[in-house]
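Subject: Structure handover

Hi,

Here is the structure I promised to pass on to you. Please open it alongside this note, and I will walk you through what turned up.

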Amino acid sequence: GDGSLLYRRAAGFCLEVVGWRAVAGRNRAGATGWSHIASCRTGAEGPGMQVDMGWSNSGAAPAGWRGGEVAGIIAPDRKHEIRLVAASPAPGLQPSAPPQPPSMGNHLFYAIQWFFFAAAAAIIYLLVLRKRQKDANLPPPPQDPKSRDP
């Protein structure tokens, strides 16, 4: 995809949970822990869907949710796969942090930082060239008469 469907509200129906996986995640308060992703069967057609059903301190799969209607926000995961982050968590879980589009502020800071590094490197290079030029223009040092070859 082109990303145009990301970070929008969506709903789906999980006919059956065929597996769980836990990935590093955050809850709405910003605490780190585990986000629990359900792999759902959605029907005979298609690959199914991945649903972030909530957050906990434990990586163990939640036992209380077997499927059903899910509403939330569409988001990419770290593998650039699409998942639905549920607005209401499964029993025993807290809501996962809502997904946020990447902010340009961080990218802008990163770019400014590297331009600064490049400018500093260029200044250092120019200073080294200037020193070499000055050293090349100096008259040769006087010879010590005692070190002359006979």
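Let me begin with a question: is the link of Cys14 and Cys40 left-handed or right-handed? With -95° about the S-S bond, that link is left-handed. Please keep in mind throughout that this is a predicted model.

The disulfide

The structure holds 1 disulfide, and the cysteines it joins are Cys14 and Cys40, with an S to S distance of 2.2 Å. Distant parts of the chain are linked by this pair: Cys14 belongs to strand E1 and Cys40 to strand E3, 26 residues apart. Both cysteines, Cys14 and Cys40, are buried.

The sheet

Those strands belong to an open sheet of 6 strands, ordered E1-E5-E6-E4-E3-E2, with mixed pairing. At the edges are strand E1 (9–14) and E2, each of which pairs on one side only. On average, neighbouring strands of the sheet are turned by 40° against each other, direction ignored. As a reminder, strands of a sheet pair through backbone hydrogen bonds, in either a parallel or an antiparallel manner.

If you follow the order from the E2 end, you come to an antiparallel pair: E2 (residues 16–26) and E3 (residues 32–41) are joined by 10 bridges. Within this pair, Gly19 stands opposite Ser39 of E3. The two strands, E2 and E3, make a hairpin with 5 residues between them. In its turn sits Gly30, which has a positive phi of about 95°.

E3 also runs antiparallel to strand E4 (residues 49–56), and 6 bridges join the two. Here Trp34 has Ser56 in E4 as its bridge partner.

A residue in a loop

One more place to look is Ala87, in the loop between strand E6 (82–86) and helix H1 (104–137). Is Ala87 buried or exposed? Neither label fits: Ala87 is partly exposed, because its relative accessible area of 41% falls between the cut-offs of 20% for buried and 50% for exposed. Leaving aside residues up to four places away in sequence, Ala87 touches Arg28, Ala71, Gly72 and Pro95. You could also display Ala11: its C-alpha atom is separated from that of Ala87 by 10.0 Å, and the two residues are 76 residues apart along the chain.

That is what I have for now. Have fun with it!

Best wishes

Technical notes:
Residues are numbered from 1 along each chain as its sequence is written. This is a predicted model: local features need pLDDT of at least 70, side-chain atom pairs count only at pLDDT 80 or more; totals for chains, interfaces and linings use all residues. Side-chain values use heavy atoms; hydrogens and water are left out. Two strands pair if DSSP finds at least two bridges between them. Helices (H or I, at least four residues) and strands (E, at least two) are DSSP runs, numbered from the N terminus. Buried means under 20% relative accessible area, exposed over 50%, partly exposed in between (1.4 Å probe, protein chains only). Contact means heavy atoms within 4.5 Å. Axes are lines fitted to C-alpha atoms, for helices over the stretch in contact, and angles run from 0 to 180 degrees between N-to-C directions. A disulfide is a pair of cysteine sulfur atoms within 2.5 Å.
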